[in-house]
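Colleague: Hey, can you walk me through the pockets in this one? I'd like to see how the ligand fits in too.

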Amino acid sequence: MKISIFPDYQEMSRAAADFVAKYVNKHPRSLLCFPSGDTPTGTLQLLVQYGLEKKVDFSQCRFVGLDEWVGMDEHTPGSCKQYMYTHFFHPLHIPKENIVFFDAKATDLAQECKRIDQSIFEHGPIDIMLVGVGLNGHIGLNEPGSSFDLYAHVRDLDAVTIETAQKYFTSETLLKQGITLGIKHLLEAKTAILIASGSKKASIIAKALEGEISNKVPASVFQIHPNGLVMLDKEAASGLTLKGN
Ligand SMILES: N[C@@H]1[C@@H](O)[C@H](O)[C@@H](COP(=O)(O)O)O[C@@H]1O
């Protein structure tokens with residue numbers, strides 16, 4: 001695990017975007033996975049800018065969605081899919097056939113998990129899996145207690161997630177379950193990148209990166225990822241005792 005600390009959110013976002021752009025320039029047929037949430041917005045904005053400026057070409061890449069709130073689709077404001085289309089796929093005109101995303105409205109969600117896993121086995125491993133972290137240490141919607149051995153699965157949401165996630169919706173939204181790629185996908189990704197910013201993430205970042213490696217804190221898996229990169233702004237890194245570079 002390599003921890004890099006940047007002066008602010010913008011610099012952290014630039015580092016993550018530059019890493020992705022450089023990689024895609026070398027490997028134009030990459031399989032990429034990006035998260036939704038507040039944290040990745042700056043990174044995605046830069047990647048869109050680089051794409052429009054022709055500094056990077058995503059046209060041959062494939063994309064897999066990280067997670068989704070069960071019962072939502074791209075028409076639901078606040079859904080992960082709508083976020084990804086708004087912040088990345090639409091502005092870069094990524095062809096639909098290059099995108100695989102959970103249908104969180106499917107009647108058979110177990111089958112939906114199999115469909116996504118199958119697509120990753122076929123086109124993978126994932127080249128770059130970029131993730132954020134929840135205040136409870138979740139990755140995607142791998143909540144505290146999720147086994148590191150799971151591929152895509154459906155998970156009952158933790159109370160912290162249900163409460164924190166209200167920020168994505170304009171009115172009080174009932175959230176019960178998530179459908180998500182598993183930690184096993186992250187462990188098998190060629191590169192896993194964790195981005196976190198702001199002082200509210202400081203305590204979970206310290207726990208995840210310097211505490212016990214345990215599925216109680218899913219993000220602690222970064223400590224054992226063979227190629228895990230952690231990019232933090234100063235505030236998110238403020239609880240760490242061992243500082244990165
Ligand atoms: N399902 C998403 C995750 O994929 C995201 O990485 C995390 C952090 O979100 P934020 O970046 O808004 O802090 O929580 C959300 O619930």
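Colleague: Which residues line the second largest pocket?

Modeller: Keep in mind that this is a predicted model. One part of the lining runs through G51, L52, K54, V56, D57, F58 and S59. The rest of the lining is L92, H93, I94 and P95.

Colleague: And what volume does the second largest pocket have?

Modeller: Let's take the lining first: by class, it has six nonpolar, three polar and two charged residues. The space they line comes to about 170 Å³.

Colleague: Okay, now the largest pocket. Which helix gives the largest share of its lining?

Modeller: The lining is made of 34 residues, with S36, G37, D38, K167 and Y168 nearest the centre. Strand 4 (67-69), helix 3 (80-89) and helix 5 (159-164) each supply at least two of the lining residues. The largest share is five residues, and it comes from helix 3.

Colleague: Where does the ligand sit?

Modeller: Around the ligand there are 15 residues, and D38, T39, K167, Y168 and K201 come nearest. D38, K167 and Y168 are also among the residues nearest the centre of the largest pocket. The ligand does indeed sit in the largest pocket.

Colleague: How much of the ligand's accessible area does the protein cover?

Modeller: Start with the polar contacts: a polar backbone atom of D38 is 2.8 Å from a ligand oxygen, and a polar side-chain atom of D67 is 2.8 Å from a ligand nitrogen. For Y168, an N or O atom in the side chain lies 2.6 Å from a ligand oxygen. On its own the ligand has 400 Å² of accessible area, and the protein covers 95%.

Methods: Residues are numbered from 1 along each chain as its sequence is written. This is a predicted model: local features need pLDDT of at least 70, side-chain atom pairs count only at pLDDT 80 or more; totals for chains, interfaces and linings use all residues. Side-chain values use heavy atoms; hydrogens and water are left out. On a 1 Å grid over the protein atoms alone, a cavity is a set of points where a 1.4 Å probe fits but cannot get out, and a pocket is an open set with protein on both sides within 12 Å along at least five of seven lines; lining residues have an atom within 4 Å of a point. Helices (H or I, at least four residues) and strands (E, at least two) are DSSP runs, numbered from the N terminus. Grid points are joined across faces, edges and corners, and a volume is the space filled by probe spheres set on the points. Ala, Val, Leu, Ile, Met, Phe, Trp, Tyr, Cys and Pro count as nonpolar, Asp, Glu, Lys and Arg as charged, and the others, Gly among them, as polar. A residue is near a molecule or strand if one of its heavy atoms lies within 4 Å of it. A polar contact is a pair of N or O atoms within 3.5 Å; within protein, one must be able to donate a hydrogen and the other to accept it, and residues adjacent in sequence count only if both atoms are side-chain atoms. Accessible areas come from the Shrake-Rupley method with a 1.4 Å probe; for residues, only the protein chains shown count as cover. A molecule sits in a cavity or pocket if more than half of its atoms lie within 2 Å of its grid points.
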